Amino acid sequence: MATDLKNKQKDETSLELLNGLCLWINHCVKYSQEESIQKQKFMRSAKEIWESGKTSGCTDYANLFVTFARQLGFATTFLHTAEYNWLLKLKKNQAFKTHKGHAFCECYINGKWVLVDPTNRKIEESYSSERIELSYKVGDSSIFIPYFRGLDLGQRQNTETHNKIMDKLCSELEI
């Protein structure tokens, strides 16, 4: 399947190819609220996600996108972010019910980094790498602050461990 996409690269610009990759991933795998899938959030490899055909959310979509984009020769990073208003509550020690963030990818093309949201099939060519202000909303927000940028999540982690890591890294951010 990745070979088919690589062959298309000859006929398309890099942005068109990345957009096509987002569409292709969203066509091949679907978000699932099944308890068995949600229990595996932050714990599955791209291969496991792909073979199941089901994602637990944005992290799974980003994991797949990073894997395939690199196979196509794009330098790509995994980017976990905190939703700005949620982050303000955390920094002020205010109560909140759920952790709010989103997983993106960054691809280096045509001499610059672009932001890719594989879940929502969007590409932002111009953005701040420190404070992401989207031209669209994810949930009820369009502002996200990166707290983890890497090759992948770094480790398999259950949701509780992920949230503890997110709390620690986000509480150290200067905003």
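These are my notebook entries on pockets, ring pairs and selected residues in a predicted model.

**Entry 1. The largest pocket**

I began with the largest pocket, for which I noted a volume of about 530 Å³. Its lining is made up of 25 residues. Those nearest the centre are Lys41, Cys58, His99, Lys100 and Gly101. I then looked up which elements give two or more residues to this lining, and found α5 (58-71), β3 (75-83), β4 (101-109), β8 (141-150) and α7 (159-171). Of the elements, α7 gives the most, with four residues. I also sorted the lining of the largest pocket by class: 13 residues are polar, eight are nonpolar and four are charged.

**Entry 2. The second largest pocket**

Next I turned to the second largest pocket, with a volume of about 230 Å³. I recorded 18 lining residues, and Arg44, Ser45, Asn63, Asp152 and Leu153 are the closest to the pocket centre. Which element supplies the largest share of this lining? I found that α5 does, with six residues. The classes in the lining of the second largest pocket are seven nonpolar, six polar and five charged residues.

**Entry 3. Aromatic pairs**

I counted six aromatic pairs in the model. I examined the pair of Phe104 and Phe144, whose ring centres are 5.8 Å apart. The planes of these two rings stand at 70°, and planes over 60 degrees apart count as edge-to-face, so I entered the pair under that class. Phe104 belongs to strand β4 and Phe144 to strand β8, so I noted a link between distant parts of the chain, 40 residues apart. Are these two residues buried or exposed? I entered Phe104 as buried because its relative accessibility is 0%. Phe144 is likewise entered as buried, at 2% relative accessibility. I also found a cluster in which ring pairs link Trp24, Trp50 and Phe68.

**Entry 4. Charges over rings**

I looked for charged side chains placed over aromatic faces. Lys122 lies over the face of Tyr136, 5.4 Å from the ring centre. Arg131 lies over the face of Tyr84, and here I noted 4.6 Å to the ring centre.

**Entry 5. Leu87**

I located Leu87 in helix α6, which spans residues 84-91. Its relative accessibility is 0%, so I entered Leu87 as buried. I then listed what Leu87 touches, leaving out residues up to four places away in sequence: Ala82, Ile145, Cys170, Leu173 and Ile175. I also checked Leu87 against His99, a residue 12 places away in sequence, and found 9.0 Å from C-alpha to C-alpha. His99 had already appeared in my first entry, among the residues nearest the centre of the largest pocket.

**Entry 6. Positive phi values**

I looked up two residues other than glycine with positive phi. Phe42 has a phi near 70° and sits in the loop between α3 (35-38) and α4 (46-52). With a relative accessible area of 10%, Phe42 falls under the 20% limit, so I recorded Phe42 as buried. For Asn110 I noted a positive phi of about 50°. Asn110 is in the loop between β4 and β5 (112-117). Is Asn110 buried or exposed? I entered Asn110 as exposed because its relative accessibility is 67%.

**Entry 7. Thr13**

I found Thr13 in the loop between α1 (2-8) and α2 (14-28). Its relative accessible area is 45%, so I recorded Thr13 as partly exposed. I then compared positions along the chain and in space: Thr13 and Gly150 are 137 residues apart along the chain, and their C-alpha atoms are separated by 25 Å.

**Entry 8. Glu133**

My last residue was Glu133, which lies in strand β7 (residues 132-138). I entered Glu133 as partly exposed because its relative accessibility is 47%. Which residues does Glu133 touch, not counting those up to four places away in sequence? I found Ser142 and Ile143. I also looked up Glu133 and Ile145, which are 12 residues apart along the chain, with 8.9 Å between their C-alpha atoms. Ile145 is also one of the residues that Leu87 touches.

Conventions
Residues are numbered from 1 along each chain as its sequence is written. This is a predicted model: local features need pLDDT of at least 70, side-chain atom pairs count only at pLDDT 80 or more; totals for chains, interfaces and linings use all residues. Side-chain values use heavy atoms; hydrogens and water are left out. On a 1 Å grid over the protein atoms alone, a cavity is a set of points where a 1.4 Å probe fits but cannot get out, and a pocket is an open set with protein on both sides within 12 Å along at least five of seven lines; lining residues have an atom within 4 Å of a point. Grid points are joined across faces, edges and corners, and a volume is the space filled by probe spheres set on the points. Ala, Val, Leu, Ile, Met, Phe, Trp, Tyr, Cys and Pro count as nonpolar, Asp, Glu, Lys and Arg as charged, and the others, Gly among them, as polar. Rings of Phe, Tyr and Trp (its six-membered ring) pair if their centres lie within 6.5 Å; planes under 30 degrees apart count as stacked, over 60 as edge-to-face and the rest as tilted. Buried means under 20% relative accessible area, exposed over 50%, partly exposed in between (1.4 Å probe, protein chains only). A charge sits over a ring if NZ of Lys or CZ of Arg is within 6 Å of the ring centre and within 35 degrees of the ring normal. Contact means heavy atoms within 4.5 Å.
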